[in-house]
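Ready to practise reading a protein model step by step? Take a moment with the sequence and the 3D view, then work through the exercises below.

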Amino acid sequence: MKQSLGRFPYWLQLPVLLFCALSIYLFLAFSAAAAGSKFSADSRENLLLDFAVAIAPWSPDVLVDKAEYLRAYAVTQPPAVREEVMSDVLSLMESAIRYRPLWPYYHLGALDAEYLSNQGEDVIQSRLDTLMTLAPNERGIDRNLIELSLLAWPLLRTDQRQWVGQRVLSASKPTRKYAQTLIEQLVPERPSLCGQLPWSLVKSACRN
C-alpha cells in the first residue's frame, strides 16, 4: 500500500490515510463493544466495554451497550449496590440521549434506570411525559413502557394513569395479555388499580 500511495502527491495521500485510520478506530470501538456485550454480567467491570466507551464516548450505541451490561449486573445485587450502579446506568443513558434526543428507546432505558434507582415522582413523571410526547404511536416500546408504568404506578399522575390504561387497551394482544397478568400480580398489594384502570383490564383480577 505504501508503494501504491507513493505514486500520488502527499495532499492526495492524506485523505486515504485518514480514512484508513478512521476505519481502524471505528472497528476497534464497535468490535470491543460487541464483544464486551456478550460477557456475563457477573462483575461491575468490563474491560472491553470500558475501552469502547473511553475511545468512543460520542457513540450512543456504545454508551447504551455499557448501560445495558451494568443494568444486568445491578439487578442481581442488594438494594444499596443496585441503586449505586443504576445511577451509572442513568448517566450513560442521559449521555446517549444528548446525542440522539428524539429516540424514545433511550428515554425508556432512562425511565427504567430512574425507577430502579428510586428517583422521586417528579423525575418519573417528567420522563413519562417525554415518552408520551415523543412516542404516541411507537408500538415497539409498548411492553416495557407499560410494565414500567404499572410498577411505578403510585408515582404517576392521574392523567398519566389514564394514558397508560388506554395504551394497554390499544396494544397488541400479546402485550395486553402480558399487562393483564402483571396487573393480577399487583392488585393484591395495590387494590386501587381496580378503580384506576379500565374495567375490561382489571375485571378478572378484581372480581374476587
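The exercises below go from the overall fold to pairs of residues, and each has a worked solution. Please keep in mind that this is a predicted model.

**Exercise 1. Describe the fold of the chain: how many helices and strands does the chain have, and what share of its residues counts as buried?**

Step 1. Count the elements: there are 12 helices and 0 strands.

Step 2. Write the elements in sequence order, and you get the pattern α-α-α-α-α-α-α-α-α-α-α-α.

Step 3. Turn to burial: the chain has 208 residues, and 38% of them count as buried.

**Exercise 2. Find the salt bridge between Asp88 and Arg44, and say where each partner lies.**

Step 1. Look at the distance: the closest N and O atoms of Asp88 and Arg44 are 2.4 Å apart. A salt bridge needs a side-chain nitrogen of Lys or Arg within 4 Å of a carboxyl oxygen of Asp or Glu, and Asp88 and Arg44 do form a salt bridge.

Step 2. Place the partners: Asp88 belongs to helix α5, while Arg44 sits in the loop between α2 and α3, so the pair ties together parts that are 44 residues apart in sequence.

Step 3. Check exposure: Asp88 is partly exposed at 32% relative accessible area, and Arg44 is partly exposed at 26%.

Step 4. Widen the view: salt bridges with shared partners join Arg44, Glu84 and Asp88 into one network. The count for the model comes to 11 salt bridges.

**Exercise 3. Take two further salt bridges, Arg71 with Asp112 and Glu94 with Arg127. Which of these residues are buried and which are partly exposed?**

Step 1. Start with Arg71 and Asp112, whose side chains meet in a salt bridge with an N to O distance of 2.5 Å. This pair links helix α4, where Arg71 lies, to helix α6, where Asp112 lies, across 41 residues.

Step 2. Compare with the cut-off: a residue is buried under 20% relative accessible area. Asp112 is buried, at 12%, whereas Arg71 is partly exposed, at 32%.

Step 3. Go on to Glu94 and Arg127, which meet in a salt bridge of 2.7 Å, N to O. Here Glu94 in helix α5 is linked to Arg127 in helix α7, 33 residues apart.

Step 4. Apply the cut-off again: Arg127 is buried, with 9% relative accessible area, and Glu94 is partly exposed, with 27%.

Step 5. Return to Arg71 for one more distance: the C-alpha atoms of Arg44 and Arg71 are separated by 9.6 Å, with their positions 27 residues apart along the chain.

**Exercise 4. Explore the largest pocket: which residues lie nearest its centre, and which element gives the most to its lining?**

Step 1. Begin with the volume, which is about 390 Å³ for the largest pocket.

Step 2. Look at the lining: it has 19 residues, and Arg71, Leu108, Gly109, Asp112 and Asn144 lie nearest the centre. Two of these names, Arg71 and Asp112, are the salt-bridge partners from Exercise 3.

Step 3. Name the elements: α4, α5, α6 and α8 each give two or more residues to the lining of the largest pocket. The most comes from α6, with 7 residues.

Step 4. Sort the lining by class: 12 residues are nonpolar, 3 are polar and 4 are charged.

**Exercise 5. Now look at the largest cavity: what volume does it have, and which residues line it?**

Step 1. Count first: there is 1 cavity of 30 Å³ or more.

Step 2. Give the volume, about 40 Å³ for the largest cavity.

Step 3. List the lining: Leu111, Tyr115, Ile124, Leu128, Leu148, Ser149, Ala152 and Leu156. The elements giving two or more residues to this lining are α6, α7 and α8.

Step 4. Sort by class: 7 of the lining residues are nonpolar, 1 is polar and none is charged.

**Exercise 6. Visit the loop between α6 and α7: what is the phi angle of Asn118, and is Asn118 buried or exposed?**

Step 1. Locate Asn118 in the loop between α6 and α7.

Step 2. Read its backbone angle: Asn118 has a positive phi of about 60°, although it is not a glycine.

Step 3. Decide on exposure: the cut-off for exposed is over 50%, so Asn118, at 55% relative accessibility, counts as exposed.

Notes:
Residues numbered from 1 in each chain as written. Predicted model: local features only at pLDDT ≥ 70, side-chain atom pairs only at ≥ 80, totals over all residues. Heavy atoms only, no water. 1 Å grid on protein atoms, 1.4 Å probe; cavity = no way out; pocket = protein on both sides within 12 Å on 5 of 7 lines; lining within 4 Å. Points joined across faces, edges and corners; volume = space filled by probe spheres on them. Helix = DSSP H or I, 4+ residues; strand = E, 2+ residues; numbered from the N terminus. Nonpolar A, V, L, I, M, F, W, Y, C, P; charged D, E, K, R; others polar. Buried < 20%, exposed > 50% of the residue type's maximum accessible area, 1.4 Å probe, protein only.
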